[in-house]
Amino acid sequence: MNSIVCLKEVPDTETRIEVRDGKIIEEGIQYVVNPYDEFALEEALSWQERYGGKVTLVSLGPERARESILKGLAMGADEVYHLSDEAFLGGDAYATAKALAAAIQKLDDYDAIFCGRQAVDEDNAAVGIMLAEMLSLPHVSVVSKLEIAEDGKRARAERDIEGGKEVVELPLPAVITAQKGLNEPRYPSFRGIRQARKKPFTQWTAADVGLAAGDVGAAGAKLEVVAVLPPPERPPGRIISGEPAEAVKEVVRLLREEAKVI
């Protein structure tokens, strides 16, 4: 069974993000593969181990993203198509999904497209679903358990919903977005790391996937980020001294008259 995995590079969650003049300062940021995309890739690799086929990575991002994408090859993916073009940059979820859809339409037959449920940088959780709509494919999101029918033509997915689980059956090919708990992503082996740079790594521009510069990236976006602002600084805490009974009265007064929360 052939799978396509959409992989994104994001800032490491342990990186300290600095915001200045309404923008994120990128100097010094360490980048990694989006954690939810690792669950997506692990599921595709487990399919490959059980049913055969190949795993293809599709990623949109700057040239810098190459090192993060190589981790996907080191984990076991067979090939990469990297959408690397200035025209792709600055886009929203819609523009990103449009570029990914155009690229996937150029690829061979596939049985599933895997995405992470969301990217941890912008938390939109929209690209996978938009991608499915653009490709006219069924989709199921936030999947925490996945089973394939014996004929390989249908899947049974369990997804997280508020207060419980929902079980969905759908035909393949389909778009599936992976949730934490779906599996445990493997670590790249030393052999996998050595082989990663020898695997096919194709870079595509907007023109290569049949799109004009105005269709994607910032020019093709439906949303514009006007500014990025840090959370407001919290005032320092106050210590109320004195006897407990009197201190409680003072706390209640402050909550009523100053904080105005009671």
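Two strands count as paired if DSSP finds at least two bridges between them. The model treated in these exercises is a predicted one.

**Exercise 1. Neighbours of β12**

Determine which strands pair with β12 and in what sense they run.

Solution.
Step 1. Strand β8, residues 112–116, is joined to β12 by five bridges, and the two run parallel. Within this pairing, A112 has A174 of β12 as its bridge partner.
Step 2. Strand β9, residues 139–148, also pairs with β12 in the parallel sense, here over three bridges. V143 stands opposite A178 of β12.
Step 3. Five and three bridges each meet the requirement of at least two, so both β8 and β9 count as paired with β12.

**Exercise 2. Burial of β12**

Decide whether the faces of β12 are covered or open.

Solution.
Step 1. A residue is buried when its relative accessible area is under 20%.
Step 2. On one side of β12, A174, I176 and A178 are buried; on the other, V175 and T177 are buried. Both faces are therefore covered.
Step 3. Five of the five residues in 174–178 are buried, so β12 is largely enclosed by the rest of the structure.

**Exercise 3. The nonpolar cores**

Identify the residues that touch the most other members of the largest nonpolar core, and the elements that supply it.

Solution.
Step 1. This core holds 37 residues, and those touching the most other members are V5, L41, W47, L57, L73, F114 and L146.
Step 2. Two or more residues each come from β1, α1, β6, α2, β8, β9, β10 and β12. The largest share, seven residues, is given by α1.
Step 3. A second, separate core has 28 residues, including F88, L100, A101 and V175.
Step 4. Leaving aside residues up to four places away in sequence, L73 touches L57, D78, E79, V80, G192, A196, K199 and F201.

**Exercise 4. Backbone exceptions**

Locate the cis peptide bond and the positive phi values at A125 and S136, and state the exposure of these two residues.

Solution.
Step 1. Most residues other than glycine have a negative phi, and most peptide bonds are trans.
Step 2. The bond from L172 to P173 is cis, with omega near 5°. P173 lies in the loop between β11 and β12.
Step 3. A125, in the loop between β8 and α4, has a positive phi of about 55°. With 36% relative accessibility, A125 counts as partly exposed.
Step 4. S136, in the loop between α4 and β9, has a positive phi near 55°. Its relative accessible area is 66%, so S136 is exposed.

Terms used: Residues are numbered from 1 along each chain as its sequence is written. This is a predicted model: local features need pLDDT of at least 70, side-chain atom pairs count only at pLDDT 80 or more; totals for chains, interfaces and linings use all residues. Side-chain values use heavy atoms; hydrogens and water are left out. Buried means under 20% relative accessible area, exposed over 50%, partly exposed in between (1.4 Å probe, protein chains only). Helices (H or I, at least four residues) and strands (E, at least two) are DSSP runs, numbered from the N terminus. A nonpolar core is a set of buried Ala, Val, Leu, Ile, Met, Phe, Trp, Tyr and Cys residues joined through side-chain atoms within 4.5 Å. Contact means heavy atoms within 4.5 Å.
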